[in-house]
Amino acid sequence: MVEKDALSLSRPLFIRLGKPLLSSAIFFIAVFLLPVLAPAQSGSKEICLSCHGVQGLEKVRKGKAVSLYVDREKFSQSVHSRLECASCHRDASQVPHPPELKPVECSTCHTDAFQAYSQSVHGKAHAKGDGDVAFCSDCHGSHNILPAKHPDSRVYPLNLPRTCGTCHGDPELAKRHRIPVANAYQLYMDSIHGRALTRSGLLVAAHCSSCHGSHEIKPKADPESKVYRTKIPSTCGACHAGVAAEYFDGVHGRAVKEGSSVAPVCVDCHTTHEIRRVETPAWKLEIIKECGTCHRESLRTYRDTFHGQVTGLGFTRVARCSDCHGSHRILPSSDAKSSVSQANLVSTCQKCHPKANANFVRFSPHADPNDKARNPGLYYIAGFMNILVFGVFLFFGLHTALWLFRSTLEVWRRRKSPGEPEGGQDPDEGGGKNGK
Amino acid sequence: MESERQNFEPAQRYYLRIHLYHRLLHGLLMASFLGLAATGMPLRFSDLAWAVGVAHAMGGFGAILFFHKSFAFLLTLCFFLHIASVFYLAFIRGEVGVFWGSASMVPQPRDFVEMLRHFRWFFGMGPKPQFGRFTYWEKFDYWAVFWGMAIIGITGYVMWFSSFFGSFLPGWLFNITLLIHADEALLAVWFIFTIHFFNSHFRPEKFPMDLVIFTGRLSERQLREERPAEYQELLEEGSLESIRTDSPPLWLRNFGRIIGFSVVVTGFLLFGLTLLAFLRE
């Protein structure tokens, strides 16, 4: 009853006094009336809400209006609804409370989460006094915190990208804080994962924290990070288990396991945030160049073959790297299980050339006309062709140049003295044509 | 003016130099050669922007290959039509002069002499040689195209029907056929669009174009000046009158000019693009 009276008192006041005077009115009630009206019930939510439940309650801190309003409805649905206000706002256990409360310390209860957070890229920046960096409430909300599995929770998988995106979709903020990927949110939303999540509502689709973690997010250069180069295959493998198993069986995966920092990991081919479908021609062509960043010689020799020329023109109907070598489980040709081992060549070529036989597969998809040991026939033929082309143009280049010189001279002479006969011509011709 | 004078001299008597059959074959040769070059060169220089643009403009990979094979078929047809005519002349009409003599395309000892004399003339150390029906550079053009068609054709068909040839030939032959096909094609394209164009059309005496390949007709003055040996021979044989013909009609000359200039422009474009591409490699 008492609390209700307090409320009914405040409302007409609010209306009569208007917004500018609201704060002083509430302050008046809090300081002078509440101690009288409710001395025995300090700590009760209703007492706090008698002021903080009023919409528009705000104060000015450092020249900025700060809302002090708590939505009664939302709080009652929140995961913390059973707690008293003072459980978090410890210095507000007595009314009136100090005009400036200390920040809420979630760590009091959420020890593990806070421990992880304080070691994270966000937590470290926060400890240094970075005002922009995400703190508990930036991701979870404050009075309206819902369980993570609640569809309306800000950290529910379907909502998480938007929550992270408030900062990681802001190029200005990224520039200020030197975040390497300025538009992770936009890239992600267009990616295969982003579409699966936001358009199809797939909970199994990877979202921000699937790869980066949640409280413990670390920069990719940190060996502890889930997206540290050599950790990426197992991070992706958490969902793509079958592919990860193949990958670790292949040369690249084995190299990564042995600590190689140059062997390709998932993101080198599939990219990070903007991961696209692998069926698109653009991706199929791009990936050839990606293999070529390390396998430079193989790309060069591939480009000299019909396969490489056709893909070079932007068409994908012919063999690309992965068509012969495989993609995730790439094995050296010395391995009998490899798709390019002597034993498997025929069946590999037969994927496109159904009539391929042992003769056919003696074709060299990476022939190099400069490599005498590997492609002797090609080497000598290339040498012959070079001599032929060079010889023909040397001879005829000279022939043409000399001819041009002599003919120009003849024409010039004829023009200068029209009547004069010239070599190989009838004397009467010159006069005839010029008289015309 | 020079061109007008050389291509049309109404006061002159005209003689037939190139039969309609050969002019038509040359037309077919030009069309298929240009088509093959335009559809083949993008593949040869596939890493360049213009090649990608041309390939996509033509309708993609399937289209390029279709057009390339169609032109290849036409050129093959051209090749065999020519062989057939040679055999007809030689074995049915009994004109063995096709294989040897002054009217033969087969290089004669005198061709070598004429070439040396031509060089001597280049240096101003002697008179112009007395050329006959076919000069040494014309024979070179002919045999270059002949060899080119055979080599590019055979390698092309081996790759076209790779499944069949691969069943009994070693696969590394395909590496070689592609190299030969591409290099020989580049040689042919460059040769035709520079040396052949110069020899037949661009040298000062002929500039900008010798229409004889379209009109087939040669004025008496041209015959006497440019092919004195043939003229002399015809006079001695008394067969000059038998090849007498009317002067080239205006429509035919204009037809030749339009076709000729189109081919020259296309040829230069292809030459420029491929040369730049080659130099950048």
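## Exercises on a predicted two-chain model

B:V54 sits in helix α3 (residues 49–57) of chain B. Keep in mind as you work that the structure is a predicted model.

**Exercise 1. Is B:V54 buried, partly exposed or exposed?**

*Solution.* Start with the neighbours: B:V54 has 19 C-beta neighbours inside 10 Å. Next, recall the cut-offs: a residue is buried if 20 or more other C-beta atoms lie within 10 Å of its own, and exposed if 12 or fewer do. With its 19 neighbours, B:V54 therefore counts as partly exposed. One more detail helps you place this residue: B:A38 is 16 residues away from B:V54 along the chain, and their C-alpha atoms are separated by 8.4 Å.

**Exercise 2. Describe the overall build of chain B, and work out how its radius of gyration fits a compact globule.**

*Solution.* First, the parts list: chain B has 12 helices and three strands. Then the dimensions: along the principal axes, the C-alpha trace of chain B spans about 60 × 45 × 40 Å. Now for the comparison. A compact globule with 281 residues would have a radius of gyration near 19 Å, and chain B has 21 Å, so the two agree. As for the inside, 33% of the 281 residues of chain B count as buried. Finally, look at the contacts in chain B between residues at least 6 apart in sequence: 76% of them join residues at least 24 apart.

**Exercise 3. How do helices α2 and α4 of chain B pack, and which residues meet?**

*Solution.* Take the geometry first. Helix α2 (residues 20–44) and helix α4 (residues 61–92) of chain B have axes 8 Å apart and pack at an angle of about 150 degrees. Angles over 145 degrees count as roughly antiparallel, and therefore α2(B) and α4(B) are roughly antiparallel to each other. Their crossing is left-handed.

Now the residues. On the α2(B) side, the contact includes B:Y21, B:L25, B:L28 and B:F33. Among their counterparts in α4(B) are B:I64, B:F67, B:F71 and B:L81. Sort the contact residues of both helices by class and you get 15 nonpolar, seven polar and no charged.

**Exercise 4. Helix α4 of chain B also meets α6. At what angle do they cross, and what does the contact consist of?**

*Solution.* Helix α6 covers residues 136–160 of chain B, and its axis comes within 11 Å of that of α4(B). The two cross at roughly 135 degrees, and α4(B) and α6(B) are therefore oblique to each other. The crossing is left-handed. From α4(B) come B:K69, B:A72, B:L75, B:T76 and B:F79, which meet B:M149, B:G153, B:G156 and B:W160 in α6(B). By class, that gives five nonpolar, three polar and one charged.

**Exercise 5. Do the same for α8 and α12 of chain B: which residues meet?**

*Solution.* The axes of helix α8 (residues 172–202) and helix α12 (residues 250–280) of chain B come within 10 Å, crossing at roughly 125 degrees. That makes α8(B) oblique to α12(B). This crossing is left-handed. Residues B:L186, B:V189, B:W190, B:I192, B:F193, B:T194 and B:F197 are the α8(B) side, and they meet B:V264, B:G267, B:F268, B:L270, B:F271 and B:T274 in α12(B). The tally by class is 10 nonpolar, three polar and no charged residues.

**Exercise 6. How many residues of each chain are in contact with the other chain?**

*Solution.* Count both sides: 46 residues of chain A are in contact with 41 residues of chain B. Then ask which elements of chain A take part. Those giving two or more residues are α20 (306–312), α23 (376–416) and α24 (427–434). The largest share of this side, 17 residues, comes from α23(A). Sorted by class, the chain A side has 22 nonpolar, 16 polar and eight charged residues.

**Exercise 7. Which backbone oddities turn up in the loops?**

*Solution.* Go through them one by one.

- The peptide bond from B:F207 to B:P208 is cis, with omega near 0 degrees. B:P208 lies in the loop between α8 and α9 (212–215) of chain B.
- A:K62 is not a glycine, yet its phi is positive, about 50 degrees. You'll find A:K62 in the loop between β1 (58–61) and β2 (64–67) of chain A. With 5 other C-beta atoms within 10 Å, A:K62 is exposed.
- A:T271 also has a positive phi, near 65 degrees, without being a glycine. The loop between α17 (266–270) and α18 (281–294) of chain A holds A:T271. With 15 C-beta neighbours inside 10 Å, A:T271 counts as partly exposed.

Methods:
Residues numbered from 1 in each chain as written. Chains lettered and ligands numbered in written order. Predicted model: local features only at pLDDT ≥ 70, side-chain atom pairs only at ≥ 80, totals over all residues. Axes fitted to C-alpha atoms, helices over the stretch in contact; angles between N-to-C directions. Helix = DSSP H or I, 4+ residues; strand = E, 2+ residues; numbered from the N terminus. Parallel < 35°, antiparallel > 145°, perpendicular 65-115°, else oblique. Left-handed = near helix turned anticlockwise from the far one by under 90°. Contact = placed C-beta atoms within 7 Å. Nonpolar A, V, L, I, M, F, W, Y, C, P; charged D, E, K, R; others polar. Rg over C-alpha atoms; globule rule 2.2 N^0.38 Å.
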